[in-house]
Amino acid sequence: MSILQGLILGIVQGLTEFLPISSSAHLVLVPYFLGWDKTIPSEQIFPFGVLVQLGTLLAVIVYFWKDLIAILKAWFSGLIQRHPFESADARMGWYIILATIPAGIFGLLIKKQVEAAFNSPAATGLFLLVTAGFLIVAEIFGKGQRTLTNIGWLDALIMGLFQAAAIFPGVSRSGSTITGGMLRGLDRPSAARFSFIMSIPIMLAAGLLSVGDLNGMSSLQSFLPSLLVGFIAAAIFGFLSIRWLLNFLRTRPLVGFAIYCAMLGIITLIVSYA
């Protein structure tokens, strides 16, 4: 992988991680449509897609750092004082943990199948259609007005189950979790806000697990500069993406993203089977 390829894919990751259009799909399809899948070693594709998420992880931590500090302080204070669910911020910490469990279990059980899907544009196209379906369902059935102050453990669990579905390339993590939140009655900005915050543990865990995949990589020395450039680009553009989407969802629906996912999925299927 060249540094230019790492830069472009890092920008793609940053722009699409938080938009409900599946960053993993774009990391599969951009090299496919540009012919890079023939030049980028297959052993680099999956680790790059996972490790560059650490850049967007940095973006979400920086954007929500005040919220995260408040949650961590309240969570540890609740444990020390033996009142773990007393404050809203402490409960939010437990909700984040609860929302992480389904994807963590699912990801460990089918890691090999997920890696295989990253090498299949056709599968990615199909999963993009799933994302489009999620977003349409959210807009039809999820017109709630609840905010994060009203979130409960069942809301977190449902969003966590939707997050578990998003480990496959093409199923948008933000799109599926926002859908889960909206189906539980949360308004769009609140569902998106919790979606972004709850992504932190699972992105961190996935990134740390993939660090181990670097050990046996034959092209590690040439791969690291591209990975670093991709990381920085993903962090910058991820931050901008979060800010833009939260403002967008205050007044606009998800339909446009659904149309985009459906069109990209159909085009991918046509090209891959042509």
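Start with helix α1, residues 3–16: at 1.5 Å a residue, its 14 residues should span 20 Å, and the end C-alpha atoms do sit 20 Å apart, so expectation and model agree. Keep in mind that this is a predicted model. Below is a quick tour of α1, the nonpolar core, a nonpolar patch on the surface, the salt bridges and a couple of backbone oddities.

**Helix α1 and a neighbour from α12**

- The buried residues of α1 are Gln 5, Gly 6, Leu 9, Gly 10, Val 12, Gln 13, Gly 14 and Thr 16.
- As background for reading that list, an α-helix has 3.6 residues a turn, so residues three or four places apart point the same way.
- Gly 14 turns up again as a contact of Ser 241, which also touches Leu 15, Phe 18 and Leu 19, leaving aside residues up to four places away in sequence.
- Ser 241 itself belongs to helix α12, residues 220–248.
- Ser 241 counts as buried because its relative accessibility is 5%, below the 20% cut-off.

**The nonpolar core**

- The largest nonpolar core has 61 residues, and the members touching the most others are Leu 9, Val 60, Phe 64, Phe 194, Phe 196 and Leu 254.
- Helix α11, residues 188–211, supplies the largest share of this core, with nine residues.
- Leu 9 is also among the buried residues of α1.
- For a look at one of these hubs, take Phe 194: not counting residues up to four places away in sequence, its contacts are Met 92, Tyr 95, Ile 96, Ala 99, Leu 148, Ile 151, Ala 156 and Met 159.

**A nonpolar patch on the surface**

- About 950 Å² of surface forms a nonpolar patch, built from Phe 33, Ile 136, Val 137, Ile 140, Phe 141, Leu 183, Val 255, Ile 259, Met 263, Ile 267 and Val 271.
- Two elements give two or more residues to the patch: α8 (121–141) and α13 (255–273).
- Of these, α13 makes the largest contribution, at five residues.
- Val 271, one of the patch residues, is in helix α13.
- With a relative accessibility of 37%, Val 271 counts as partly exposed, since that class runs between 20% and 50%.

**Salt bridges**

- The model has five salt bridges, and three of them are worth a closer look.
- Glu 17 and Arg 173 pair up through their side chains, at 3.8 Å from N to O. This pair links distant parts of the chain, 156 residues apart: Glu 17 is in the loop between α1 and α2 (23–34), while Arg 173 is in helix α10, residues 173–183.
- Both partners are tucked away: Glu 17 is buried at 3% relative accessibility, and Arg 173 is buried at 10%.
- Arg 193 and Asp 67 form another bridge, at 3.5 Å from N to O. Arg 193 lies in helix α11 and Asp 67 in helix α5 (residues 65–80), so this pair ties together parts 126 residues apart in sequence.
- Here each partner is partly exposed, with Arg 193 at 27% relative accessibility and Asp 67 at 28%.
- Arg 184 and Asp 155 meet at 2.7 Å, N to O. Arg 184 is in the loop between α10 and α11 and Asp 155 is in helix α9 (residues 153–164), so the bridge joins parts 29 residues apart in sequence.
- This pair is a mixed one: Arg 184 is partly exposed at 32% relative accessibility, whereas Asp 155 is buried at 2%.
- Arg 184 and Asp 155 also belong to a salt-bridge network that takes in Arg 146.

**Backbone oddities**

- Most residues other than glycine have a negative phi, and most peptide bonds are trans.
- Ser 22 has a positive phi of about 70° although it is not a glycine. Ser 22 sits in the loop between α1 and α2, and at 1% relative accessibility it counts as buried.
- Arg 82 also has a positive phi, near 60°, without being a glycine. Its place is the loop between α5 and α6 (88–109).
- Arg 82 is exposed, with a relative accessible area of 75%, whereas Ser 22 is buried.

Notes
Residues are numbered from 1 along each chain as its sequence is written. This is a predicted model: local features need pLDDT of at least 70, side-chain atom pairs count only at pLDDT 80 or more; totals for chains, interfaces and linings use all residues. Side-chain values use heavy atoms; hydrogens and water are left out. Helices (H or I, at least four residues) and strands (E, at least two) are DSSP runs, numbered from the N terminus. Buried means under 20% relative accessible area, exposed over 50%, partly exposed in between (1.4 Å probe, protein chains only). Contact means heavy atoms within 4.5 Å. A nonpolar core is a set of buried Ala, Val, Leu, Ile, Met, Phe, Trp, Tyr and Cys residues joined through side-chain atoms within 4.5 Å. The expected span of a helix is 1.5 Å times one less than its number of residues. Patches are made of residues with over 30% relative accessible area and no salt bridge: like charges are joined within 9 Å, nonpolar side chains (Val, Leu, Ile, Met, Phe, Trp, Tyr) within 5 Å. Accessible areas come from the Shrake-Rupley method with a 1.4 Å probe; for residues, only the protein chains shown count as cover. A salt bridge is a side-chain nitrogen of Lys or Arg within 4 Å of a carboxyl oxygen of Asp or Glu.
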